[in-house]
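I opened this model to practise reading a structure. My notes follow.

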Amino acid sequence: MAEEKSTLRSMREWVVDHKLRAVGTLWLTGVASSIAYNWSRPGMKTSVKIIHARLHAQALTLAALAGSALVEYYDHQSGSGSRVHQYAKQFLTPESNPHKE
């Protein structure tokens, strides 16, 4: 059970670090699988097959973006915070601001 948690945690951390890559990979996989599925159906025109693949890819993209938003929301609620705040705390300290005296 502990191994499953570490695997899920590492997957979640990878998605947090690579949101756009995860969305792009999901989109590309969705397009490829939709084209493969539609090409296996012989009664459709090529243009209709391409349109269906595009519609499926758009739906998958919206789902992946919603999933990324949920991961970001969960990270914000759990206290780990966003990376912007971590970098701001690290690099924008009051001592390093030359304009404030």
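I looked up burial first. Buried residues (under 20% relative accessible area, 1.4 Å probe, protein chains only) make up 15% of the 101 residues in the protein chain. The model is predicted: local features need pLDDT of at least 70, side-chain atom pairs need 80 or more, and totals for chains, interfaces and linings use all residues. I count residues from 1 along each chain as its sequence is written, and side-chain values use heavy atoms, without hydrogens and water.

Next, the fold. I found four helices and zero strands (DSSP runs: H or I of at least four residues, E of at least two, numbered from the N terminus). The order from the N terminus is α-α-α-α.

Then I took one pair. Helix 2 (residues 19-39) packs with helix 3 (residues 46-78) at about 155°, axes 8 Å apart. Axes are lines fitted to C-alpha atoms over the stretch in contact, and angles run from 0 to 180 degrees between N-to-C directions. The two helices are therefore roughly antiparallel (over 145 degrees). I noted 12 nonpolar, eight polar and three charged residues in the contact of helix 2 with helix 3.

I checked helix 3 for length. Its 33 residues should span 48 Å (1.5 Å times one less than the number of residues), and its end C-alpha atoms are 48 Å apart, which agrees. Buried residues in helix 3 include K49 and A53.

Last, N38. Is N38 buried or exposed? N38 lies in helix 2. N38 is buried, because its relative accessible area is 0%. Leaving aside neighbours within four places in sequence, N38 is in contact (heavy atoms within 4.5 Å) with M44, K49, H52, A53 and H56.

Note on methods:
Parallel < 35°, antiparallel > 145°, perpendicular 65-115°, else oblique. Nonpolar A, V, L, I, M, F, W, Y, C, P; charged D, E, K, R; others polar. Buried < 20%, exposed > 50% of the residue type's maximum accessible area, 1.4 Å probe, protein only.
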